2 protein chains.
Amino acid sequence: MKSRMSPDREVRRQVRRLELVEAAVRAIRREGPGASMEQMAAEAGVTKPILYRHFGDRGGLYAAVTTYAFEGLDSGLQRALQSVDTPPRQVVSNAIDAYLAFVEQAPELYRFLAQRVVNEPGNLQETIDDFTTRVGRDVALILGEALRAAGADSGAAEPWAFGIVGMVFAAGAWWLERRTMTRARLTAYLTDLVCDGLPDLESLTAGLAADITTDPQPAPDLVTAAPDGDPAVGEVVAIGRTPRRQRQ
Amino acid sequence: MKSRMSPDREVRRQVRRLELVEAAVRAIRREGPGASMEQMAAEAGVTKPILYRHFGDRGGLYAAVTTYAFEGLDSGLQRALQSVDTPPRQVVSNAIDAYLAFVEQAPELYRFLAQRVVNEPGNLQETIDDFTTRVGRDVALILGEALRAAGADSGAAEPWAFGIVGMVFAAGAWWLERRTMTRARLTAYLTDLVCDGLPDLESLTAGLAADITTDPQPAPDLVTAAPDGDPAVGEVVAIGRTPRRQRQ
DNA sequence: ACTTCATGGTTACCGATAGTAACGTTACCT
DNA sequence: AGGTAACGTTACTATCGGTAACCATGAAGT
């Protein structure tokens, strides 16, 4: 069996695996998320059966790529989450920014990770773990401990963690399509939402119902209140909240 | 050309389209998100070329299914979002619950919608709009108006809208896998997060750093503080916040 | 009644791609 | 040297998206 092999054989195999995965990543960045097995093999300078020998099937290769990308992100994420002597808001901001930096740096890879592998019925490979699932698990761990330490209901850790990860994930995807703001700006917005929630919208229903039900009439302040300028500066991480009404 | 045809011919065509889409949905619910064109055609009692005649290509059918599902969700969502004389928190809760109810009712369809269609290079069909993208656009509209009405920065409307939708989407996916709480419970958690953000986690870094860096040592309160009971009752919509420290 | 044409449907095919079988080659390890 | 195990190839199959060509039917128009 495989575990009874020469020790350096195993390490060489791992090295080769890594080479193949990196080639697959290059192929994805070149060809987009729909890169075929043949293209990924060609990028590594080999043919398909090599990939199948190493990864079993496409799902196996996808899982390896996902793991690879996850580890690349996770180092930065863990560094952000585990930093001591940092205010919680800054921790959240750093983590979100680390995530978005990853998105920005490898958009095609990100798009690849965004699509869940469709599990065809004949899939004998182990069930693949989604990218967001892995990140979510990590965040859930940290968040759960934090909630317990704060004396809060730790049952919220998992839904919140997976929710927050999905939030940053979706916002990142949206941001990739139409890049209408800087990364720092988006980080600031998301940090605000995660830390403070939506601002008080007492006038929401009243102001809205009139606007929605009588749709042809534009909101009176639609032009004056939407400057859409980009006040973000070039800082790597924007920690300051965007100016809005303070909750009291 | 097509627009110069008998008027009832056109309506019959639309009816047929709807039948085909509904058959496709049935096939997806039976076979999972990976249902093939042939299976969807067979479910409708026809063969593949019929589908292609109506929808052009797979992307077209997927878009039609997405639109169909979206409209099914959107009615409930709009009803929740446009309700007058409802406190904002309840609006958020209702909207989230409408979303989760949809998830719960058609999990396989939801999984189908969750995966973005991989846009192969030869795709001449119009670019398909993601399910979450459509929901996000709707929420962004409403949220933008609400923010303007509240005098807040409306530039946050889009990132927040897409982020929140992604959050509920991801949390819904997580909830589908391991159903460790009731829908009402999850709705309450997510509503809390969206409306108030994370609770103050002042002791986050201190409490965490010790636990994470010295991983073999379990947190002392890990057993005592995690009862994991399910305090949710069977109410359709849980509006009350989960008991946690009040921000002041 | 016979043709004509639109409509709804089918069979039979093509091309690409996931996945596999069988075989060759290099290099390591007694 | 020789066994053997990893590395690699060519050539194949199966499936699935997509299309071409053909068939049936029924409602006109003449």
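**Protein–DNA contacts and helix burial in a predicted model**

By class, six nonpolar, two polar and eight charged residues form the surface near DNA strand C. Here Ala, Val, Leu, Ile, Met, Phe, Trp, Tyr, Cys and Pro count as nonpolar, Asp, Glu, Lys and Arg as charged, and the others, Gly among them, as polar. A residue is near a strand if one of its heavy atoms lies within 4 Å of it. The model is predicted, so local features need pLDDT of at least 70, side-chain atom pairs count only at pLDDT 80 or more, and totals for chains, interfaces and linings use all residues. Residues are numbered from 1 along each chain as its sequence is written, chains are lettered from A and ligands numbered from 1 in the order in which they are written, and side-chain values use heavy atoms, with hydrogens and water left out.

DNA strand C is surrounded by 16 residues. The closest are M37(A), K48(A), Y52(A), R58(A) and T47(B). Sugar or phosphate accounts for 50% of the strand C atoms within 4 Å of the protein, and bases for the rest. Four helices each supply at least two residues of this surface: α1 (7-31) and α3 of chain A, and α1 (7-31) and α3 (48-55) of chain B. Helices (H or I, at least four residues) and strands (E, at least two) are DSSP runs, numbered from the N terminus.

Polar contacts are pairs of N or O atoms within 3.5 Å; within protein, one must be able to donate a hydrogen and the other to accept it, and residues adjacent in sequence count only if both atoms are side-chain atoms. On strand C, a side-chain N or O atom of K48(A) is 2.6 Å from a base oxygen. The side chain of R53(B) places an N or O atom 3.0 Å from a base nitrogen of strand C. R16(B) addresses the backbone of the strand: a polar side-chain atom lies 3.1 Å from a phosphate oxygen.

DNA strand D is likewise surrounded by 16 residues. T47(A), R53(A), K48(B), Y52(B) and R58(B) are the closest. Of the strand D atoms within 4 Å of the protein, 45% belong to sugar or phosphate and the rest to bases. The surface near strand D divides into seven nonpolar, four polar and five charged residues. Phosphate oxygens of strand D have polar partners in both chains. An N or O atom in the side chain of R16(A) is 3.4 Å from one such oxygen. In chain B, the partners are backbone N or O atoms: M37(B) at 3.0 Å and R58(B) at 2.7 Å. The elements that give two or more residues to the surface near strand D are α3 of chain A and α3 of chain B.

H54(A) lies in helix α3 (residues 48-55) of chain A. H54(A) counts as buried because its relative accessibility is 15%; buried means under 20% relative accessible area, exposed over 50%, and partly exposed in between (1.4 Å probe, protein chains only). Leaving aside neighbours within four places in sequence, H54(A) is in contact (heavy atoms within 4.5 Å) with R13(A), R16(A), R17(A) and L20(A).

Chain A comes to ten helices and zero strands. Of its 248 residues, 49% count as buried. Among contacts in chain A with a separation of 6 or more, 70% join residues 24 or more positions apart.

Helix α9 (residues 183-196) of chain A has 14 residues and reaches 20 Å from its first C-alpha to its last. That is close to the expected 20 Å, where the expected span is 1.5 Å times one less than the number of residues. Because 14 of the 14 residues are buried, α9(A) is largely enclosed by the rest of the structure. Just after α9(A), G197(A) takes a positive phi of about 75°.

T191(A) sits in α9 of chain A. T191(A) is buried, with a relative accessible area of 2%. Not counting residues up to four places away in sequence, T191(A) touches R89(A), V92(A), S93(A) and I96(A). The C-alpha atoms of T191(A) and R89(A) are separated by 7.4 Å, although the two residues are 102 apart along the chain. A polar side-chain atom of T191(A) also lies 2.7 Å from the backbone oxygen of T187(A).

In chain B, helix α7 (residues 131-149) has 19 residues and spans 28 Å between its first and last C-alpha, close to the expected 27 Å. α7(B) is mostly covered, with 16 of its 19 residues buried. G151(B), just after α7(B), takes a positive phi of about 75°.
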